[in-house]
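Reader: I am new to this structure and would like to know what stands behind the words used for it. Could you take me through some of them?

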Amino acid sequence: MEPGRKPRLLDLCIRSAVDNLRTLNSVDIVAEELLKRILPHCTLEQLTHIESCTHADLTDVTDVLWKRFFQREFGEDNMNLAIKRMKENGVRYKWKKLFEARTEKQKQVEARMSAGLKNKYQAANAAKQSKQIKVCTKIPPNSKRSFWGGSGSSSLSNSSYKSPILKKARMEVDSRAKMQAAIQRNTFARSSQPARLTFPSEQTSRTTTIHRPNSTITITKPTGPNRPIQKQNTRPKF
């Protein structure tokens with residue numbers, strides 16, 4: 001519109017339609033000449049929405065717009081390659097269809113690449129997990145057994161504990177095991193010795209003398225228990 005010229009009602013309507021493209025739906029009743037002035041201002045999403053809401057075929061107006069979107073999204077080289085192939089095959093496709101086909105193919109390529117990266121990441125993670133050191137909380141059984149049937153203290157001493165608490169516990173277990181072994185050795189040594197009978201070296205006794213007319217009797221009694229009574233008869237004195 002020339003400067004200083006008053007806008008026409010048609011120009012005001014077109015400007016209003018361009019400003020409200022996000023709310024525009026069906027354009028079945030709009031003339032093609034007006035659509036050529038309104039639709040070039042659409043974004044990709046707006047143009048897709050308008051065409052999906054319109055029953056009429058808008059290829060004559062929107063084909064050039066889809067060609068522009070194709071070039072913007074996939075580059076001029078891919079656009080020229082598509083034109084070359086259509087000429088070689090003697091066919092002509094709508095740029096909207098070409099855009100949709102190219103978009104779908106690109107999604108498939110991206111999905112394959114994503115799956116490949118995911119598999120590589122999982123494989124690398126599995127290899128990393130396999131190389132990590134696993135802490136074993138169970139003590140392996142020892143081939144040497146102690147005399148009371150359990151595993152000896154050597155199974156604890158052979159384990160490489162780094163914690164001060166576990167080291168202290170290991171020392172206490174070793175000390176208790178040695179003490180128990182010494183007690184059992186002493187008990188076994190005492191039980192294997194024969195019993196000895198002890199008698200007192202000296203025992204006190206009491207002597208009683210009985211005088212009779214023709215003889216004298218002397219009786220000696222020990223003061224210790226269970227001692228036999230000894231009688232000594234003396235020959236008569238004449």
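Reader: What makes Arg92 exposed?

Author: Its relative accessible area is 66%. Buried means under 20% relative accessible area, exposed over 50%, and partly exposed in between, with a 1.4 Å probe and protein chains only. Arg92 has 66%, so Arg92 counts as exposed. A word on the source: this is a predicted model, where local features need pLDDT of at least 70, side-chain atom pairs count only at pLDDT 80 or more, and totals for chains, interfaces and linings use all residues. Residues are numbered from 1 along each chain as its sequence is written, and side-chain values use heavy atoms, leaving out hydrogens and water.

Reader: Why is the contact of Arg92 with Asp63 called a salt bridge?

Author: The term asks for a side-chain nitrogen of Lys or Arg within 4 Å of a carboxyl oxygen of Asp or Glu. The closest N and O atoms of Arg92 and Asp63 are 3.7 Å apart, so the pair qualifies. This pair links distant parts of the chain, 29 residues apart: Arg92 sits in the loop between α5 (76-89) and α6 (95-131), and Asp63 in helix α4 (residues 59-74). Helices here are DSSP runs (H or I, at least four residues), numbered from the N terminus.

Reader: Is Asp63 buried or exposed?

Author: Buried, because its relative accessible area is 14%.

Reader: Which residues are joined into one network by salt bridges that share partners?

Author: Arg8, Asp11 and Arg37. Within this network, Asp11 and Arg8 have their closest N and O atoms 3.6 Å apart. Asp11 is buried at 17%, while Arg8 is partly exposed at 45%.

Reader: How far apart in helix α2 are Glu32 and Lys36?

Author: They are 4 residues apart in α2 (residues 32-38), which means about one helical turn. Their side chains meet in a salt bridge at 3.7 Å, N to O. The search of the whole structure finds 6 salt bridges.

Reader: What makes the lining of the largest pocket a mix of nonpolar, polar and charged?

Author: Its residues divide into 7 nonpolar, 2 polar and 3 charged. Ala, Val, Leu, Ile, Met, Phe, Trp, Tyr, Cys and Pro count as nonpolar, Asp, Glu, Lys and Arg as charged, and the others, Gly among them, as polar. The lining includes Phe70, Asn78 and Arg85, so Phe70 is nonpolar, Asn78 polar and Arg85 charged. The largest share of the lining, 6 residues, comes from α5.

Conventions: Helix = DSSP H or I, 4+ residues; strand = E, 2+ residues; numbered from the N terminus. 1 Å grid on protein atoms, 1.4 Å probe; cavity = no way out; pocket = protein on both sides within 12 Å on 5 of 7 lines; lining within 4 Å.
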